Amino acid sequence: MALNTTIIKKRLASVPRIQKDNEAQNIINQAKTAELKSLNTEGVLRLYEALTSGFYSARDAAAMKRLATYTQFQPVTYTPDYVVNLVKGTRLNQPNIQSQLTPGLVTRIYAAEGKRLAWYASFGFDGSTVGRGQLGQSAYTDVKSPRYFKTTLETCVTQVFLAKLLRKYPGVTRMDLDLKSYKVKVPELYARIWPHLSLENFVVTAYLAILIARATKTGRSPKDTARFAVALYHGMYKMVVAVQMTLKENERIHWAPVEAELLKQGHTDEVAYVKEVVK
């Protein structure tokens, strides 16, 4: 019978606690590479728990290395291209996300934020936003909510954290596991996410998708939708709403009259930011 989580549970339960790491070694060393690759999160974590529950011997380390080598949880780089396709795949019924969310939009967000971060830092300013995308906890809370990208985020965090955990990379520890349900915990705080660049790429992209959806209005062009979304990303919500209230009702939905009024009010850098990101 092919190795699976049920068999792993039975074999580990059949030996005393002090021998569980030895049994885990046997399971891993006797398994075919294809069997190790087929193991789900629970199966891998049960073996990890058994190998690390006591003194971590050289034999435990060798078994862990074999598990890490052949598990499905391999290190991956979630590039902007990868995560844009991932996010779009969950929002097939939203045309503006399909047309306006691009890898270029994400990388230009990083460039625009980096340019301004250097300027703010030169004056000693520090804020509540962090990382290349300069997002804060509220944006992350939106992304990980069941209404938006909870399930996809869980999948990404599991892939990234398990790959690092098995290889003892910095930034992921046993504290990131729920060894009652045998799952990887999705951190509550964005501070635990953004240092992992692949996960930051996902959160930034997913948040842009949320804002594009929010900026979608009847009669608003796709490109203007992206402009309003990027303005929201940059924290311009109150500023934009205040400007819209000064315009005629039929003008408020379009970016050009909003941009013109922003420039009149001296918000040149804010307008420049939107132009830098939305091409």
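In this predicted model, helix α12 spans residues 222-233 and contains both aspartate 224 and arginine 227, which stand three residues apart, about one turn of the helix. An α-helix has 3.6 residues a turn, so residues three or four places apart point the same way. Aspartate 224 and arginine 227 form a salt bridge, with their closest N and O atoms 2.8 Å apart. Aspartate 224 has a relative accessible area of 10% and is therefore buried, because buried means under 20%. Arginine 227, at 26% relative accessibility, counts as partly exposed. Elsewhere, salt bridges with shared partners join Lys115, Arg116, Asp269 and Glu276 into one network.

A second salt bridge within a helix can be found in α10, which covers residues 150-166. Lysine 150 and glutamate 154 are four residues apart there, so about one helical turn separates them. The closest N and O atoms of lysine 150 and glutamate 154 lie 2.7 Å apart. Both partners count as partly exposed: lysine 150 has a relative accessibility of 33%, and glutamate 154 has one of 29%.

Side chains of opposite charge can pair when their charged atoms come close. Such partners may also come from distant parts of the chain, as arginine 132 and glutamate 200 show. These two residues form a salt bridge whose closest N and O atoms are 2.7 Å apart. Arginine 132 belongs to the loop between α8 (103-122) and α9 (137-143), whereas glutamate 200 belongs to helix α11 (residues 197-215); the two are 68 residues apart. Their surroundings can be described by accessibility. Arginine 132 is partly exposed, with a relative accessible area of 32%, while glutamate 200 is buried at 1%. Arginine 132 has a further neighbour, since this residue also lies over the face of tyrosine 110, at 4.3 Å from the ring centre. Another arginine is placed over a ring as well: arginine 91 lies over the face of phenylalanine 149, at 4.3 Å from the ring centre. In the whole structure, a search finds 12 salt bridges.

Helix α11, which holds glutamate 200, merits a closer look. How many of the 19 residues of α11 are buried? The number is 16, and the helix is thus described as mostly covered. The length of α11 can be checked as well. At 1.5 Å a residue, its 19 residues should span 27 Å, and the end C-alpha atoms are 27 Å apart, so the two values agree.

Helix α11 also contributes to an aromatic pair. A pair of aromatic rings is described by the distance of the centres and the angle of the planes. The count for this structure comes to five aromatic pairs. One of them is formed by tyrosine 78 and tyrosine 82 and is stacked, with 4.8 Å from centre to centre and 0 degrees between the planes. Tyrosine 78 is buried at 4% relative accessibility, whereas tyrosine 82 is partly exposed at 42%. Tyrosine 207 and tyrosine 233 form a tilted pair, with centres 6.0 Å apart and 50 degrees between the planes. This pair links distant parts of the chain: tyrosine 207 lies in helix α11 and tyrosine 233 in helix α12, 26 residues apart. Both of these tyrosines count as buried, with tyrosine 207 at 12% relative accessibility and tyrosine 233 at 7%.

Terms used:
Residues numbered from 1 in each chain as written. Predicted model: local features only at pLDDT ≥ 70, side-chain atom pairs only at ≥ 80, totals over all residues. Heavy atoms only, no water. Salt bridge = Lys/Arg side-chain N within 4 Å of Asp/Glu carboxyl O. Buried < 20%, exposed > 50% of the residue type's maximum accessible area, 1.4 Å probe, protein only. Expected span 1.5 Å × (residues − 1). Phe/Tyr/Trp six-rings, centres within 6.5 Å; stacked < 30°, edge-to-face > 60°. Lys NZ or Arg CZ within 6 Å of the ring centre and 35° of its normal.
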